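Here are some exercises to work through with the model open beside you. Try each task before you read its solution.

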Amino acid sequence: MVSVAATEPLTEEIHILWTSEGMSCDGDTISVTAASLPSIEDVVLGAIPGLPKVHLHNKVLAYENGDEFMEAFRQAARGELDPFIFVVEGSIPNENINGDGYWTSMGNDPETGEPITLNEWIDRLAPKAWAVVAAGTCATYGGIHAMAGNPTGCMGLADYLGWDFRSAGGLPIVNVPGCPVQPDNFMETLLWVLHQAVGQAPVIPLDDKLRPTWLFGKTVHEGCDRAAYYEQADFAFDYNSPKCQVKIGCWGPVVNCNVTKRGWMDGVGGCPNVGGICIGCTMPGFPDKFMPFMDEPPGASLSTTLLKSYGPFIRTMRSITNRGANREPKWRHNRERLTSGYQP
Ligand code: SF4
Ligand code: SF4
Ligand code: SF4
């Protein structure tokens, strides 16, 4: 577990500068619009007691565009917008290997008209930010764009800034992985950071991969609706079955993710619960270590073989007990003699 020094209370107003200009599909921003615990609207419109006034700057959700949208980022880079939380969505390309061009940019330099790369923005803003939050697996660990054979050399934010990076508020990078990020996981984390910023929450607990411990401490399997089928070695062999999907590619037993407990939107969904195999999208090793998708995971063959040695026997015994439990006791009748065993 990462431990950091307690930080000073902050301010009545705070800005959230959110860039999705990494190697990104904007999927995390879109996902977070589905949050309800809390919703973005609740945070931005001041519906949550105790929070500072929040000003959100996210290009997908903003009314402003062009230079008007960029102004907050420029002010922050000049040290004129303080405090702010810097949210990064998308993986970070390696601009040291960009040849004659650049991989990705956000806005132009007003003086020269030249594009400003995402990496330059990170260099300018991350050290000034009260907290730095990575949204989604691309930003946290590199994700899809950083898989073997990619041309951009892209990486997660901690790979770029260093795993021992500390923000101006004294926090490590806060990683909220997922492809996309689970909406309430992100907003709950942001809520904690905002409360911490005004001295109303203790230091956010993070594990050694910089994930909030209370969200990523358990496996998909530990919360799965289908876990009882697994235990009894009762497996699905196609995607129409309600049984355990480990034989058709589910990695849930070894993946840190809470969507089987939390659901996806408003408690509904959560990949294996509703028929989707877990492909490990929250994990630092995603996607390479989980491919080819839809093949049985290598370790599953051994574990399911062991389960088969006793799973069917337990299933049979339980079905016998279940039949008994479904029968009413024989003394519940309307005959003329009491047979309950009552002794006057
Ligand atoms: Fe898109 Fe997934 Fe990357 Fe988010 S983590 S930007 S949803 S590819
Ligand atoms: Fe575990 Fe996946 Fe089976 Fe659910 S479907 S019980 S997560 S292996
Ligand atoms: Fe990703 Fe697996 Fe969690 Fe679904 S259950 S969100 S695939 S880690």
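A residue counts as near a molecule if one of its heavy atoms lies within 4 Å of it. This is a predicted model, in which local features need pLDDT of at least 70 and side-chain atom pairs count only at pLDDT 80 or more, while totals for chains, interfaces and linings use all residues. Residues are numbered from 1 along each chain as its sequence is written, chains are lettered from A and ligands numbered from 1 in the order in which they are written, and side-chain values use heavy atoms, with hydrogens and water left out.

**Exercise 1. List the residues that surround ligand 1 and sort them by class.**

Step 1: Using that cut-off, the shell holds Ser24, Cys25, Gly27, Asp28, Thr137, Cys138, Gly178, Cys179 and Pro180.

Step 2: Two elements, α1 (27-32) and α5 (137-141), each give two or more residues to this shell. Helices (H or I, at least four residues) and strands (E, at least two) are DSSP runs, numbered from the N terminus.

Step 3: Sort by class: Ala, Val, Leu, Ile, Met, Phe, Trp, Tyr, Cys and Pro count as nonpolar, Asp, Glu, Lys and Arg as charged, and the others, Gly among them, as polar. The shell then divides into four nonpolar, four polar and one charged.

Step 4: Look at the backbone too. Cys179 and Pro180 are joined by a cis peptide bond, with omega about 0°, and Pro180 lies in the loop between β7 and α7 (183-197).

**Exercise 2. Do the same for ligand 3.**

Step 1: Its neighbours are Val220, Val255, Cys257, Val259, Trp264, Cys271, Cys278, Ile279, Gly280, Cys281 and Thr282.

Step 2: By class, this shell has nine nonpolar, two polar and no charged residues.

**Exercise 3. In which order do the five strands of the open sheet lie, and which stand at the edges?**

Step 1: Two strands pair if DSSP finds at least two bridges between them. Following the pairs gives β2-β1-β3-β6-β7, with parallel pairing.

Step 2: β2 (53-58) and β7 stand at the edges; each has a single partner strand, so one side of each is left without a neighbour in the sheet.

Step 3: Now zoom in on β6. Five bridges join β3 (residues 84-89) to β6, and Ile85 has Ala131 as its bridge partner there. On to β7 (residues 174-176): three bridges pair it with β6, with Ala134 partnered by Asn175 and Ala135 by Val176.

**Exercise 4. Is strand β6 (residues 131-135) enclosed or open to its surroundings?**

Step 1: Call a residue buried under 20% relative accessible area, exposed over 50% and partly exposed in between (1.4 Å probe, protein chains only).

Step 2: In a regular strand the side chains alternate between the two faces of the sheet. Here Ala131, Val133 and Ala135 point one way, Val132 and Ala134 the other way, and all are buried.

Step 3: Because five of the five residues are buried, β6 is largely enclosed by the rest of the structure.

**Exercise 5. Where do Asp26 and Asp266 lie, and what is phi for each?**

Step 1: Most residues other than glycine have a negative phi, and most peptide bonds are trans.

Step 2: Asp26, in the loop between β1 (13-19) and α1, has a positive phi near 65°.

Step 3: Asp266, in the loop between α10 (259-262) and α11 (298-325), has a positive phi near 55°. At 61% relative accessibility, Asp266 counts as exposed.

Step 4: The loop between α10 and α11 also holds Pro292, which a cis peptide bond joins to Met291 with omega about -5°.
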